[in-house]
Amino acid sequence: MRNINCVLFLASISLASGVYGAESMLRTPPSGTFEFTGVELGQTNPYAKIHADVIGMNRTPDSIQIDRVLAREPEGVTVKFKPGVVVKAGGKFDISVDATLGFQTGRFARYFDVFANGKSEPVDGFVIRGFADWLMLPSVSEIDFGIFEPTSKAVKIIPVETRPGVAIKLVGIDKSSAYIDAQVSEDGRALKLTSRSDAPWSSFNEEILVMTDNQLQPKVAFHVRGQSRGFVVPSSDPLDFGLLREGQSAELTDVLTDVTGKPLKIGEVVAKSRALVVTTVTECAVPSPSCKNLKVSYPPMNLRGVTGGTLEVRLPDYDRTLFIRFGAIGIGKETQIRDLAEDMKAQEAQTKSISSVLQTSVNEPSVGKLPAQMKTPDGKGPLLKWQVANEYDIYGYEIYRSVAEAGPYSRVNEKILERLEGDPEAGSIYQWRDASAESGNTYWYYINIVYNKGRKQQFTSPQKIVAK
Amino acid sequence: MKNILAFVIAMAGCGIAGSAFAQTCTASAGAIALSGPNSLTTPITNFDTCGVTNQLNFMCSSSGTSAATDAIWSVTLGPGAIGGATAPEQDFVISTTSGTYDMYAALMQGSCADSSPCPVEADSNPAGGSETISVQGRAAGQYFLVVTSFTAGQCGPVTIAVPRLPVALQNFSVE
């Protein structure tokens with residue numbers, strides 16, 4: 001029996017005055033120069049075309065000449081406005097935005113920067129937000145394919161979840177993966193994933209896009225992560241350097257092993273990342289022909305934020321490339337990193353101290369916060385009422401109806417009923433009337449929760465009513 | 001040049017008996033490793049992000065760069081979750097009392113990169129709204145919880161809590 005340990009060498013942490021490389025520091029704009037309206041789009045679907053008519057009002061006492069309005073994610077986005085328009089104090093200007101959404105479901109945000117004439121930095125910016133409501137979703141948001149060897153075959157079947165009452169099927173693959181073969185099941189209700197024998201040797205985090213037969217949501221994204229392990233295996237993937245302070249350098253060593261026992265030859269090693277790291281190949285601590293150390297060195301950190309990327313290690317004997325992810329988060333010399341567990345202890349101590357004082361001085365129950373309440377909708381038809389507490393991360397609610405308890409059910413509210421603004425812990429009282437119900441008919445209703453990220457969950461059991 | 005050398009050898013306990021393959025060091029199940037009583041009314045922490053500076057320029061989001069102040073917490077996910085490994089304890093809820101603070105939150109690791117996104121990001125709500133970081137399904141290990149904004153100059157008071165109580169139906173009727 002063999003044990004191979006993950007060995008990380010974190011070495012040569014050095015504080016140095018040198019500055020390494022150069023990186024342009026893009027900036028986000030200050031807020032408040034303009035007041036933007038028309039930025040909340042409401043509900044749409046994944047891959048839908050969106051349009052926003054945004055109006056910016058100059059809140060400063062000076063006139064501002066607008067030069068550019070740029071999307072931070074410009075692919076597929078069209079921004080129209082009158083170039084050179086001068087917006088007086090209190091005046092307004094119009095921006096028209098057209099874009100196509102991606103695969104994401106739930107709340108989305110698109111950022112835009114506004115530049116004044118002659119200025120290289122934006123004077124302000126706005127965010128277009130909305131909610132992409134899905135008709136079909138993989139049954140799991142992220143598929144863990146696990147570790148597989150390209151010489152063997154691993155298979156997973158991923159069923160899809162569809163909105164009850166909606167006709168939608170998977171019909172074909174739009175974007176495949178170098179690691180996984182995807183195949184739509186005969187009934188269009190599942191995706192069969194099979195590992196590829198020619199998969200690159202690396203961990204992966206892939207997005208497979210599958211077409212549907214419903215134009216309201218023409219594609220579904222399946223996110224698959226896993227690791228394809230070939231004959232040469234790194235001891236660590238990813239190589240996580242954690243946080244590196246400005247001026248601090250670090251080195252990690254990944255031990256590469258040819259598991260067939262053959263002598264291991266390492267060719268060129270290419271690092272593709274924002275930070276310019278240095279790599280060297282050396283013999284292992286316990287020399288073995290099938291073992292090599294790959295040292296990865298971060299020069300003195302001069303970036304702030306995410307810096308990582310991928311190492312591409314050429315393996316000439318196999319005519320293959322081994323991919324290893326790596327990275328560090330660059331922070332300032334004085335940046336304070338708080339410990340959440342310690343903060344919690346301090347908060348608890350403070351809370352105990354306050355409550356003991358209150359116990360001795362005040363003997364009255366605290367007044368609870370009241371739930372937000374929706375007014376009763378006018379009209380005829382069954383009236384559904386429900387009260388909810390702890391509404392954190394809730395986007396809204398769906399109402400499903402059937403003529404039989406066992407179903408089939410379909411959604412009767414055209415748009416998701418959005419959560420009421422108020423204290424999420426105190427919750428809300430909702431009312432919704434089914435104006436489409438026919439008098440004398442028997443109906444069953446249940447409520448679904450919709451979370452901000454788009455996930456949905458049945459919230460109530462069905463309730464019966466005979467429509468008056 | 002002044003060099004202070006610190007040599008640390010971390011023997012990460014990732015041995016795999018009976019296998020010729022090494023494994024990655026982040027493979028076991030994760031949960032929020034904080035102990036003690038906690039609820040939405042007893043937050044983990046209250047913190048004013050106006051008290052810190054801009055630390056991170058390149059965020060893990062495709063929305064790119066941030067020039068707002070960044071508050072960073074180190075957090076360990078692993079055994080010892082509050083109340084057990086049930087769904088409601090798998091969220092950090094970050095809220096603010098400032099109606100003008102448009103927060104963005106992320107759970108980051110060093111290995112985040114353009115090609116390898118942050119494990120979790122949250123940018124659901126406009127100014128004044130709360131954000132939720134779900135750690136359900138995340139591997140055990142050390143992460144960094146970052147609270148910032150994509151709009152320069154923005155900051156405000158934030159509360160981080162781990163909800164003990166899931167969303168609850170109090171009554172439902174059809175009339």
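Here are some worked exercises on a predicted model with chains A and B.

**Exercise 1. How many helices and strands does each chain have?**

Solution. Start with chain B: the count is 0 helices and 10 strands. Read from the N terminus on, its elements go β-β-β-β-β-β-β-β-β-β. Now turn to chain A, which has 1 helix and 37 strands.

**Exercise 2. What percentage of each chain is buried, and what percentage of its contacts links residues 24 or more positions apart?**

Solution. Take burial to begin with. Chain B has 175 residues, and 51% of them are buried. In chain A, with 468 residues, the buried part is 36%. Next, look at contacts with a separation of 6 or more. In chain B, 77% of these join residues 24 or more positions apart. For chain A, that figure is 69%.

**Exercise 3. Find the cis peptide bond that joins Asp237(A) to a proline, and the one that joins Gly407(A) to a proline. In which loops do these prolines lie?**

Solution. Go to Asp237(A): a cis peptide bond links this residue to Pro238(A), with omega about 10°. Pro238(A) sits in the loop between strands E19 (232-234) and E20 (239-245) of chain A. Then move along to Gly407(A), which is joined to Pro408(A) by a cis peptide bond with omega about 5°. The loop that holds Pro408(A) runs between strand E31 (394-402) and strand E32 (410-411) of chain A.

**Exercise 4. Asn390(A) and Asp393(A) have positive phi values. Are these residues buried or exposed?**

Solution. Locate the residues before anything else. Asn390(A) is in the loop between strand E30 (383-389) and E31 of chain A, and Asp393(A) is also found in the loop between E30 and E31. Now check the backbone: phi is near 60° for Asn390(A), which isn't a glycine, and about 65° for Asp393(A), which isn't one either. Finally, count neighbours, using the rule that 20 or more other C-beta atoms within 10 Å make a residue buried. Asn390(A) has 21 of them, so it is buried. Asp393(A) has 25, so it is buried too.

**Exercise 5. Which residues have the most contacts inside the largest nonpolar core, and which strand gives the most to it?**

Solution. The largest nonpolar core has 135 residues. Those with the most contacts inside it are Ala105(B), Ala106(B), Leu107(B), Met108(B), Phe144(B), Leu145(B) and Val146(B). As for strands, E35 of chain A (residues 442-451) gives the most, with 7 residues. Now zoom in on Met108(B). Leaving out residues up to four places away in sequence, Met108(B) touches Ile329(A), Cys60(B), Cys118(B), Tyr143(B), Phe144(B) and Val146(B). As background, nonpolar side chains tend to be buried together in soluble globular proteins.

**Exercise 6. Trace the open sheet of 4 strands in chain B. Which strands are at its edges?**

Solution. Write down the order, which is E2-E9-E4-E7, with antiparallel pairing. The edges are E2 (45-48) and E7 (131-134) of chain B, since each pairs on one side only. Direction ignored, neighbouring strands in this sheet are turned by 20° against each other on average. Zoom in on one pair: strand E4 of chain B (residues 91-96) and E7(B) run antiparallel and share 4 bridges. Pick out Asp91(B), and you'll find that its bridge partner in E7(B) is Ser134(B). In general, strands of a sheet pair through backbone hydrogen bonds, either parallel or antiparallel.

Key:
Residues numbered from 1 in each chain as written. Chains lettered and ligands numbered in written order. Predicted model: local features only at pLDDT ≥ 70, side-chain atom pairs only at ≥ 80, totals over all residues. Helix = DSSP H or I, 4+ residues; strand = E, 2+ residues; numbered from the N terminus. Buried ≥ 20, exposed ≤ 12 C-beta atoms within 10 Å, placed from the backbone. Contact = placed C-beta atoms within 7 Å. Core = buried A, V, L, I, M, F, W, Y, C linked by C-beta atoms within 7 Å. Pairing = 2+ DSSP bridges. Axes fitted to C-alpha atoms, helices over the stretch in contact; angles between N-to-C directions.
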